[in-house]
Amino acid sequence: KQGAIWTGIYGGGLNRIDPKTGAIEHFKHAAEDEQSLSDDRVMALLVDHDQSVWVGTRNGGLNHLDRKTGRFTRYQHDPKDANSLSSKSITSILRDNQGTLWVGTYGGGLNRFDQNDKSFRTYRNDPEHASTLSSDRITAIYQDRSNGLWIGTEEAGLNRFNYATDSFVRYLHDPKNDTSLSSNAVLNMMESED
């Protein structure tokens, strides 16, 4: 809203570009500073409604930048804590129309963040149940105009989250069906205007 361009650089951290002046502000990892960016390999960005910035990294989990202080809060995977982020590798971030923050991971499934107690609920693939995520390797998250939440995966198609039942419907490639997805590798999605 302020006109800045935020860029995530793989190996170069987070950058804020002022298009009017060309000035670039850098946010990078500093080993001695726990309130710096956790990893310079940025994979996902979200500028939130309050103009704070959420940053997903390749190996350092999720970071929340407080624009007023310039400091980061880190959310990372803790194998001893079931309510922590499910993976240190973040691939996508989305705030839905209900205000829920969703975080896609590479190998850890989908996370739903509870901002009140700062905990994560994880949705993962269970091969025994077709109403779970089709894969734990999330590539994209999208919300359509009718508030449908869609989750793309690296090798197992597309999923639509059902808020009422807390479950998923899968859309997969079927070589015997010409009207199925053409591939199970879903990298991105958007909704058409028509």
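## Hairpins, cores and a few odd turns

In the hairpin made by strand 9 and strand 10, four residues sit between the strands, and G107 takes a positive phi near 100 degrees. Keep in mind that this is a predicted model. The notes below start from that hairpin and its sheet, then go through the cores, the aromatic pairs, T153 and two more residues with positive phi.

**G107 and its turn**

- G107 has its place in the loop between strand 9 and strand 10.
- Is G107 buried, partly exposed or exposed? Its relative accessibility is 34%, so G107 counts as partly exposed.
- Setting aside neighbours within four places in sequence, G107 touches R124, D136 and R137.
- K88 is 19 residues away from G107 along the chain, and the two C-alpha atoms are separated by 9.3 Å.

**The four-stranded sheet**

- The sheet that holds this hairpin is an open one: four strands in the order 8-9-10-11, with antiparallel pairing.
- Which strands stand at the edges? Strand 8 (90-95) and strand 11 (119-123) do, each with a single partner strand, so one side of each has no neighbour in the sheet.
- From one strand to the next, the twist averages 25 degrees.
- Strand 8 is joined to strand 9 (residues 101-105) by five bridges, and the two run antiparallel. Across this pairing, I93 stands opposite V103 in strand 9.
- Strand 9 and strand 10 (residues 110-114) also run antiparallel, joined by four bridges. Here W102 has R112 of strand 10 as its bridge partner.
- Five bridges join strand 10 to strand 11, again antiparallel. N111 has T122 as its bridge partner in strand 11.
- Strand 10 and strand 11 make a hairpin too, with four residues between them. In that turn, K118 has a positive phi of about 60 degrees.

**The nonpolar cores**

- How many residues are in the largest nonpolar core? There are twelve: A44, L46, W54, L62, Y75, L85, I90, I93, L101, V103, F113 and F120.
- Strand 4 (42-47), strand 8 and strand 9 each put at least two residues into this core.
- A second core, separate from that one, has eleven residues, including L94, Y123, L149 and F168.
- V103 shows up both in the bridge with I93 and in the largest core. Apart from neighbours within four places in sequence, V103 is in contact with L62, L85, I90, S92, G109, L110, N111, F120 and I141.

**Aromatic pairs**

- Searching the whole structure turns up 15 aromatic pairs.
- One of them is F27 with F72, an edge-to-face pair at 6.0 Å centre to centre and 85 degrees between the planes.
- That pair ties together distant parts of the chain: F27 is in strand 3 (residues 24-27) and F72 is in strand 7 (residues 71-75), 45 residues apart.
- F27 and F72 are both buried.
- There's a cluster as well: ring pairs link W102, Y123, F161, Y163 and F168. Y123 and F168 belong to the second core too.

**T153, a buried threonine**

- T153 is found in strand 13 (residues 149-153).
- Where does T153 stand on accessibility, buried or exposed? T153 has a relative accessible area of 0%, so it is buried.
- The T153 side chain reaches the backbone oxygen of G157 at 2.8 Å.
- Leaving out neighbours within four places in sequence, T153 is in contact with S134, S135, R137, I138, T139, N159, N184, A185 and V186.

**Positive phi in N147 and D166**

- Some background: most residues other than glycine have a negative phi.
- N147 isn't a glycine, yet its phi is positive, at about 70 degrees. N147 lies in the loop between strand 12 (138-143) and strand 13.
- N147 has a relative accessible area of 35%, so it is partly exposed.
- D166 is another residue other than glycine with a positive phi, in this case near 60 degrees. D166 sits in the loop between strand 14 (158-162) and strand 15 (167-171).
- At 26% relative accessibility, D166 is partly exposed as well.

Methods. Residues are numbered from 1 along each chain as its sequence is written. This is a predicted model: local features need pLDDT of at least 70, side-chain atom pairs count only at pLDDT 80 or more; totals for chains, interfaces and linings use all residues. Side-chain values use heavy atoms; hydrogens and water are left out. Buried means under 20% relative accessible area, exposed over 50%, partly exposed in between (1.4 Å probe, protein chains only). A polar contact is a pair of N or O atoms within 3.5 Å; within protein, one must be able to donate a hydrogen and the other to accept it, and residues adjacent in sequence count only if both atoms are side-chain atoms. Contact means heavy atoms within 4.5 Å. Two strands pair if DSSP finds at least two bridges between them. Axes are lines fitted to C-alpha atoms, for helices over the stretch in contact, and angles run from 0 to 180 degrees between N-to-C directions. A nonpolar core is a set of buried Ala, Val, Leu, Ile, Met, Phe, Trp, Tyr and Cys residues joined through side-chain atoms within 4.5 Å. Rings of Phe, Tyr and Trp (its six-membered ring) pair if their centres lie within 6.5 Å; planes under 30 degrees apart count as stacked, over 60 as edge-to-face and the rest as tilted.
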